[in-house]
Amino acid sequence: MIEFTQALMNPDNAFLRLAFIVGGLASVPFGIMGAYVVTRRISYLAGAISHCVFGGIGLGLYLQNKMGLQWFDPMYGAVGAALLAAVIIGAVSLYAKQREDTVIGALWAVGMASGLLFVDVTPGYFDISSYLFGDILLISTQDVWMVLGLNVLVVGLSLWFYNRLLAVCFDEEFSALRGIPVGAVYMLLLCLTALTVVLLVRVVGIVMVIALLTIPAAVASQFAKRLWQTMVMAVVFCLAFTWTGLGVSYHFSLSSGPTIIVIAGLTYLAVVSGARFVGKRS
């Protein structure tokens, strides 16, 4: 890690410092929303949203390169697609439970397929692997500002509605009896998850987005007893996974996204195995 630290201090490695900064900033909403997702057990919904994001990215590339809308960054399309998917999935979950799995599966596939079709009809060559598997080293200054803005929005709303989100995550029926608009709060939770997924795409890509959203919170839940404690610890774990993954990937010339996920996954397996071993001994 000494070599990585020296590289960060090198004036010629601005791209590495941007990646380091974005990794730290993004860890905050990852940890907070990951705690909600794990507690509410909606990781499969987050997975569907993440794959729909690719459709928005493909549309953004099409509008930018085919229609001449140079200002329309593909990540704008990702935000729109994520929010649209969250609203559709939320509506299906609330009002059409008998067809929930089918609709979610269809959205999952259609999102990816539409993204590929948009890329096909867009002139030029595009390396979509950075969207699928992530490449935090390609972060630009504009991306940093977008991440910062989404950070403020996600963290602000998730903490402002903390009590209502907490109630809905643990007991919907009791929440409804207390006068909490369960449907609206649940939709808010999905929309915040959607925005967090967009942030994750820049770090680890669409394919591995669920891992970094859920693993830090899952590890934190092994030690925390309250939701807010899980959030704080999940942020710390996510920060550690991201920065450690960056350092390891830089040292060994590996892809940053997969490296981050492997480190997170190995940590989770170690923690769970250790907890079971201690439980058996006690």
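Is Thr259 buried or exposed? Keep that question in mind as you select Thr259 in your viewer: the residue is buried, with a relative accessible area of 9%. Here, buried means under 20% relative accessible area, exposed means over 50%, and partly exposed lies in between, all with a 1.4 Å probe and protein chains only.

Before going on, please note that this is a predicted model, in which local features need pLDDT of at least 70 and side-chain atom pairs count only at pLDDT 80 or more, while totals for chains, interfaces and linings use all residues. Residues are numbered from 1 along each chain as its sequence is written, and side-chain values use heavy atoms, with hydrogens and water left out.

**Stop 1: the whole protein**

Show everything as a cartoon. You will find 13 helices and 0 strands; helices (H or I, at least four residues) and strands (E, at least two) are DSSP runs, numbered from the N terminus. Following the sequence, the pattern reads α-α-α-α-α-α-α-α-α-α-α-α-α.

Now turn the model around. Along the principal axes, the C-alpha atoms fill a box of roughly 55 × 50 × 30 Å. The radius of gyration is 19 Å, which agrees with the value near 19 Å for a compact globule of 282 residues. That radius is taken over C-alpha atoms, and the globule rule is 2.2 Å times the number of residues to the power 0.38.

Next, switch on the surface. About 13700 Å² is exposed, and carbon and sulfur atoms supply 66% of that area; such areas come from the Shrake-Rupley method with a 1.4 Å probe. Of the 282 residues, 50% are buried.

Colour the charged side chains too. There are 14 positive and 12 negative ones, and the centres of the two sets lie 14 Å apart. Lys and Arg count as positive and Asp and Glu as negative, while His and the chain ends are not counted. Each charge is placed at NZ of Lys, CZ of Arg, CG of Asp or CD of Glu.

**Stop 2: helix 2 and a distant partner**

Select Gly24, which lies in helix 2 (residues 14–40). With 16% relative accessibility, Gly24 counts as buried. Which residues does Gly24 contact, leaving aside its neighbours within four places in sequence? They are Leu239 and Trp243, where contact means heavy atoms within 4.5 Å. Draw a line from Gly24 to Trp243: the two are 219 residues apart in sequence, yet 7.6 Å apart in space, C-alpha to C-alpha. Across the protein, residues 24 or more positions apart account for 76% of the contacts with a separation of 6 or more.

**Stop 3: Arg41 and helix 3**

Move along to Arg41, in the loop between helix 2 and helix 3. Arg41 has a positive phi of about 60° although it is not a glycine, and at 71% relative accessibility it counts as exposed.

Then select helix 3 (residues 43–65). Its 23 residues reach 34 Å from the first C-alpha to the last, close to the 33 Å expected at 1.5 Å a residue. The expected span is 1.5 Å times one less than the number of residues. In helix 3, 18 of the 23 residues are buried, so the helix is largely enclosed by the rest of the structure.

**Stop 4: Ile88**

Ile88 sits in helix 4 (residues 74–95) and is partly exposed, with a relative accessible area of 32%. Measure across to Val103 in your viewer: the two C-alpha atoms are separated by 9.1 Å, and the residues are 15 apart along the chain.

**Stop 5: helices 9 and 10**

Pick Ser175 in helix 9 (residues 172–177). Ser175 is buried, at 1% relative accessibility. Beyond its neighbours within four places in sequence, Ser175 is in contact with Ala167, Val168, Ile180 and Val182.

Helix 10 covers residues 182–204, and its end C-alpha atoms are 32 Å apart, which agrees with the 33 Å that its 23 residues should span. Because 19 of those 23 residues are buried, helix 10 is largely enclosed by the rest of the structure. After helix 10 comes Gly205, whose phi is positive, near 85°.

**Stop 6: back to Thr259**

On the way, select Ser253, in the loop between helix 12 (227–252) and helix 13. Ser253 has a positive phi of about 55° although it is not a glycine, and it is exposed, with a relative accessible area of 67%.

Finally, return to Thr259, in helix 13 (residues 256–281). Not counting residues up to four places away in sequence, Thr259 touches Gly245, Val248, Ser249 and Leu254.
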